[in-house]
Amino acid sequence: MATTEVERRRGQIAALSIAAVVIIVGVPLWWRTTETYRAWLPVSQINALSNLQLQLSADVEVVFARGTVTPEQQKKVPVTQTWDEKHAVNEDTSLNYRYEVKYRTATVMEEDALNQPTAAAADLSLHTLSESWCGSLGVYVIPESSSLLPEDVDVYIGQRRTALLRIGSQVKVGRTLEQLLTHLKPRLKQVLQVMSFSRTDITAALSDRVRVSPGNQESIADSMRAFKSSPGYEITFSLLNPDPKSHRLHWDIEGGVETYIQPLLTKLAPLANFSIDSQILYYAMLGVNPRFDSSSSAYTLNADSLAHVINPVEARLGSNAASSNPVLNFLLYVPDAQHSPLHIHNYNKQEVPTNAFHSPRWGGIMIYNVDDLYGPEVTFPVDIDISMARVMGVFLAQLRLLLGVQSSTPPPGFMVAPCSSAGLADWELDRLMWSRSVENIATATTTITSLAQLLDQIGNIVINDNIAEQVSSAVTSLQLAVAELEAGNLGFALQYSKEAFSASERAFFDPSLLHLLYFPDDQKFAIYIPLFLPMCVPILLSLLKILTELRQRRRDKKAKNA
């Protein structure tokens with residue numbers, strides 16, 4: 001009897017010991033080793049980004065040349081004014097455009113620069129005198145008697161960050177300085193709309209964050225053809241020769257790129273990295289059959305058929321699988337001898353002067369006719385040297401459009417200097433930098449807030465330390481970009497916005513986020529129950545037996561005491 005009691009006691013102690021080990025050691029260890037690791041994220045700062053409030057600040061210097069202000073007015077300068085314009089895009093996004101306008105009189109050296117024979121020469125001389133930085137502008141007010149501008153031109157916008165504004169002699173007579181500045185303000189705002197950020201450009205840059213209303217569709221149509229902001233772009237030039245038996249084509253693509261394209265890309269270096277390659281494709285045909293026009297004795301491509309040209313040709317172009325950057329395709333098509341000459345017609349059935357067209361966010365195609373380079377009795381194949389000046393001029397214009405350099409029509413009385421050899425004016429670069437900075441900020445905030453919402457809704461996604469680091473880096477860069485925009489430091493704002501964009505994209509598309517995305521709780525139970533149930537049942541039955549015996553023992557004690 002005593003032996004049986006000892007064995008029973010030993011069994012109870014063993015069951016309690018195993019249960020204690022399982023509860024105290026096993027369950028916490030299992031819980032710790034199987035829990036989803038989720039690194040800390042700055043959730044409060046991310047939530048604050050959902051309400052985006054941006055202030056774009058630009059410094060403007062208005063310089064009065066000799067003869068534009070009276071001696072009384074001259075005594076009250078320099079003067080500084082602040083112009084603010086609120087723009088509520090929607091309930092979560094608001095903008096404030098701020099111009100810090102400083103008025104002063106011209107120095108002696110600036111007066112000498114304004115005495116140059118032409119406006120272009122004056123623009124160059126003023127550029128050498130001033131230390132203008134990204135985002136800043138200088139407007140030189142010149143008298144009506146100045147010969148720098150033609151009679152029908154009041155404003156000249158040069159290649160740098162300066163503009164010339166002619167003022168009538170009747171404006172300054174009998175007016176105080178405040179009245180003169182009030183009179184100049186509308187014209188100055190027109191200059192700023194052309195040379196600096198505009199509401200249309202900034203609204204278009206927010207397209208990823210803000211839904212465009214139907215009334216604004218036409219106003220931002222130009223921006224829809226441009227590629228979205230990206231850390232890099234791949235540019236591919238392709239020569240399509242459908243009839244190599246008749247035409248032996250020679251093109252100096254390396255020299256053409258170096259002369260016409262590279263200066264533009266060098267100037268755009270702060271925005272993105274560019275890589276260029278070229279190829280020649282033989283027996284590459286267009287996807288449509290041109291129609292013969294007997295009136296002009298030429299083949300034609302109508303505007304309606306241009307959309308069907310790209311897909312068949314694109315299949316021959318190949319793709320750069322090693323890069324995730326957008327690809328800009330520029331195709332030069334030389335028609336075969338049986339379909340020459342070939343002309344593109346617009347919707348008005350008129351020939352397109354450049355004989356080229358472009359596709360939004362894809363690239364451009366130019367048709368290069370060579371039938372006039374040889375006679376009817378020529379012996380094929382014919383060696384043909386392609387004029388790179390003619391071709392690259394078209395591709396350069398298309399490249400500007402596809403990268404977001406908008407060429408809007410200036411207001412009446414404005415004259416804009418033609419493009420220099422760089423293919424881009426300084427103020428055009430500034431406009432693009434403003435748009436890209438806002439676009440990067442808007443895209444990064446949308447990406448980070450979407451990621452935070454996703455991680456909050458799906459609790460079994462692992463958040464590794466590198467993802468948390470990328471998110472924190474993106475949030476910090478966003479805050480710095482917004483601060484630099486407000487301070488008017490455009491170069492730093494663009495750099496921080498690019499860093500925020502890159503960090504947010506790396507965090508959002510990190511492959512580790514997908515490991516446990518489709519591993520719900522019911523699958524966990526299906527995996528662990530077969531493992532733990534055979535072990536837990538004996539332990540639970542032993543514990544129940546011990547509890548039953550304890551209760552029976554208490555009842556017996558009470559009965560004995562009674």
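Arginine 554 sits in helix α16, and in this predicted model the residue counts as exposed because its relative accessibility is 62%. It has company out there: Arg554 gathers with Arg9, Arg551, Arg553, Arg555, Lys557 and Lys558 in a patch of positive charge on the surface. Which helix gives the most to that positive patch? That's helix α16, spanning residues 521-561, with six residues in the patch.

Now for the cysteines. How many disulfides does the structure hold? The count is zero. Cysteine 134 is in no disulfide, and the nearest cysteine sulfur, the one in cysteine 419, is 18 Å away. Seen from the other end, cysteine 419 has its closest cysteine sulfur in cysteine 134, and 18 Å is too far for a bond, since a disulfide needs the two sulfur atoms within 2.5 Å. As for cover, cysteine 134 is partly exposed, with a relative accessible area of 27%, and cysteine 419 also counts as partly exposed, at 46%.

Serine 246 is next. You'll find this serine in the loop between β7 (232-241) and β8 (247-250). Is serine 246 buried or exposed? It's buried: its relative accessible area is 9%, and the cut-off for buried is under 20%. Serine 246 also has a partner from another part of the chain: phenylalanine 380 is 134 residues away in sequence, yet the two are 5.0 Å apart in space, C-alpha to C-alpha.

Here are the accessibility values side by side.

| Residue | Relative accessible area | Class |
|---|---|---|
| Arginine 554 | 62% | exposed |
| Cysteine 419 | 46% | partly exposed |
| Cysteine 134 | 27% | partly exposed |
| Serine 246 | 9% | buried |

Conventions
Residues numbered from 1 in each chain as written. Predicted model: local features only at pLDDT ≥ 70, side-chain atom pairs only at ≥ 80, totals over all residues. Heavy atoms only, no water. Patch = residues over 30% accessible without salt bridge, like charges linked within 9 Å, V, L, I, M, F, W, Y side chains within 5 Å. Areas by Shrake-Rupley, 256 points an atom, 1.4 Å probe, with all protein chains shown as cover. Salt bridge = Lys/Arg side-chain N within 4 Å of Asp/Glu carboxyl O. Lys, Arg positive; Asp, Glu negative; His and termini not counted. Charge placed at Lys NZ, Arg CZ, Asp CG, Glu CD. Helix = DSSP H or I, 4+ residues; strand = E, 2+ residues; numbered from the N terminus. Buried < 20%, exposed > 50% of the residue type's maximum accessible area, 1.4 Å probe, protein only.
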